Amino acid sequence: MLTEEERRRNEPGDVIVLTHDESLVGKTVAPMSIAGKDNETSEALPGLECFGAIAECKAREELYNKTQWNHDENIQQKALFKPELMPGAKVPYPGFPTLKEAPVEGLFRRKIGIDIFGMRSRYRTAVLQMDEELPAFPPPSVLGPKFIGTTVFFRYPFLQEGFVTAVSDAKVTSRGLDPPRRWTKQEELGWKLRRDSIQSRFQSGEGRTGS
């Protein structure tokens, strides 16, 4: 049997909408509370301070039924979902390429052992062929000052944000504010092995959906 406190903890509470707001200052306490009887107020549960407060939190809290997302208000205003792009949207958007804009020249099928579900495929895979080779990239001495210290997004289509600390090619590396340095023979070999490993993973997948 559940205790009275456990029953109260399992009662659905208020739906909260969180919105980023740079103007907020101060500290936010973890919302360890349940809905009050009038469904407008909250009553804190003693002894449940599981999470510490967030310093300089920039998330503003609002009750769902007091926001524009309230479904009842949308029905009254006859608001409808329209599956279309907003006016002025860029197509294709930078960083989000599509097959429609890709310079595809042809398609061929071959066994590459693609693995996106945890097991290598035994069958041939359709591979798209671009109509031109990638252009030559500038050396690290040129790219380094532009990228080092910035953030980039990678692993399309499930993008992750990464902080750039160094730029390198098969011969030279540029890290931080240090001047570009040539690889030693051993470092050059290690760089090529890592490059080949990355290329192989991009070609055949990493054993998970979307890789």
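This is a conversation about how the descriptions given to parts of a predicted model can be justified.

Colleague: What makes up the secondary structure of the protein chain?

Modeller: The protein chain has 4 helices and 13 strands, and buried residues make up 16% of its 211 residues.

Colleague: How do you know which parts of the protein chain have the lowest and the highest confidence?

Modeller: The mean pLDDT is lowest in strand 3 (residues 33-35), at 42, and highest in strand 11 (residues 166-168), at 94. For the protein chain as a whole the average is 79, and 82% of the residues score at least 70. Over residues 33-47 the pLDDT stays under 50, although the model has 25 contacts beyond four places in sequence for that stretch. Where pLDDT is low, the predicted coordinates should not be read in detail.

Colleague: Why is Glu56 called exposed?

Modeller: The relative accessible area of Glu56 is 63%, and a residue counts as exposed when that value is over 50%, so Glu56 is called exposed. Glu56 lies in the loop between strand 5 (54-55) and strand 6 (59-63), and its phi is near 50 degrees, a positive value in a residue other than glycine.

Colleague: Why is the pair Arg7 and Glu4 called a salt bridge?

Modeller: The N to O distance between the side chains of Arg7 and Glu4 is 3.3 Å, and the cut-off is 4 Å between a side-chain nitrogen of Lys or Arg and a carboxyl oxygen of Asp or Glu, so the pair qualifies. Both residues lie in helix 1 (residues 4-9), 3 residues apart, which is about one turn of the helix. Arg7 has a relative accessibility of 38% and counts as partly exposed.

Colleague: How do you know that Asp115 has no salt bridge?

Modeller: The nearest side chain of opposite charge to Asp115 is that of Arg120, at 5.4 Å, whereas a salt bridge needs the nitrogen and oxygen within 4 Å, so Asp115 is left without one although it is buried. The side chain of Asp115 does reach the backbone nitrogen of Met119 at 2.9 Å, and because the limit for a polar contact is 3.5 Å, that distance falls within it. Asp115 itself is found in the loop between strand 7 (104-110) and strand 8 (125-130).

Colleague: What makes Glu187 and Arg181 a salt bridge, and are these two residues buried or partly exposed?

Modeller: The closest N and O atoms of Glu187 and Arg181 are 3.0 Å apart, and since the cut-off is 4 Å, this pair is a salt bridge. Partly exposed covers the range between 20% and 50%, so Glu187, with a relative accessible area of 28%, is partly exposed, and so is Arg181, with 39%.

Colleague: Why is Glu188 called buried, and what does its side chain meet?

Modeller: Glu188 has a relative accessible area of 10%, and buried means under 20%, so Glu188 is called buried. Its side chain meets that of Lys192 in a salt bridge, at 3.4 Å from N to O. Lys192 is partly exposed, with a relative accessible area of 31%. Glu188 and Lys192 are 4 residues apart in helix 4 (residues 185-204), and so about one helical turn separates them. Elsewhere, salt bridges that share partners join Asp21, Arg60 and Glu62 into one network.

Colleague: How many salt bridges does the count come to?

Modeller: By this rule the count comes to 7 salt bridges.

How values were computed
Residues are numbered from 1 along each chain as its sequence is written. This is a predicted model: local features need pLDDT of at least 70, side-chain atom pairs count only at pLDDT 80 or more; totals for chains, interfaces and linings use all residues. Side-chain values use heavy atoms; hydrogens and water are left out. Helices (H or I, at least four residues) and strands (E, at least two) are DSSP runs, numbered from the N terminus. Buried means under 20% relative accessible area, exposed over 50%, partly exposed in between (1.4 Å probe, protein chains only). pLDDT is the predictor's confidence in each residue, from 0 to 100. Contact means heavy atoms within 4.5 Å. Lys and Arg count as positive and Asp and Glu as negative; His and the chain ends are not counted. A polar contact is a pair of N or O atoms within 3.5 Å; within protein, one must be able to donate a hydrogen and the other to accept it, and residues adjacent in sequence count only if both atoms are side-chain atoms.
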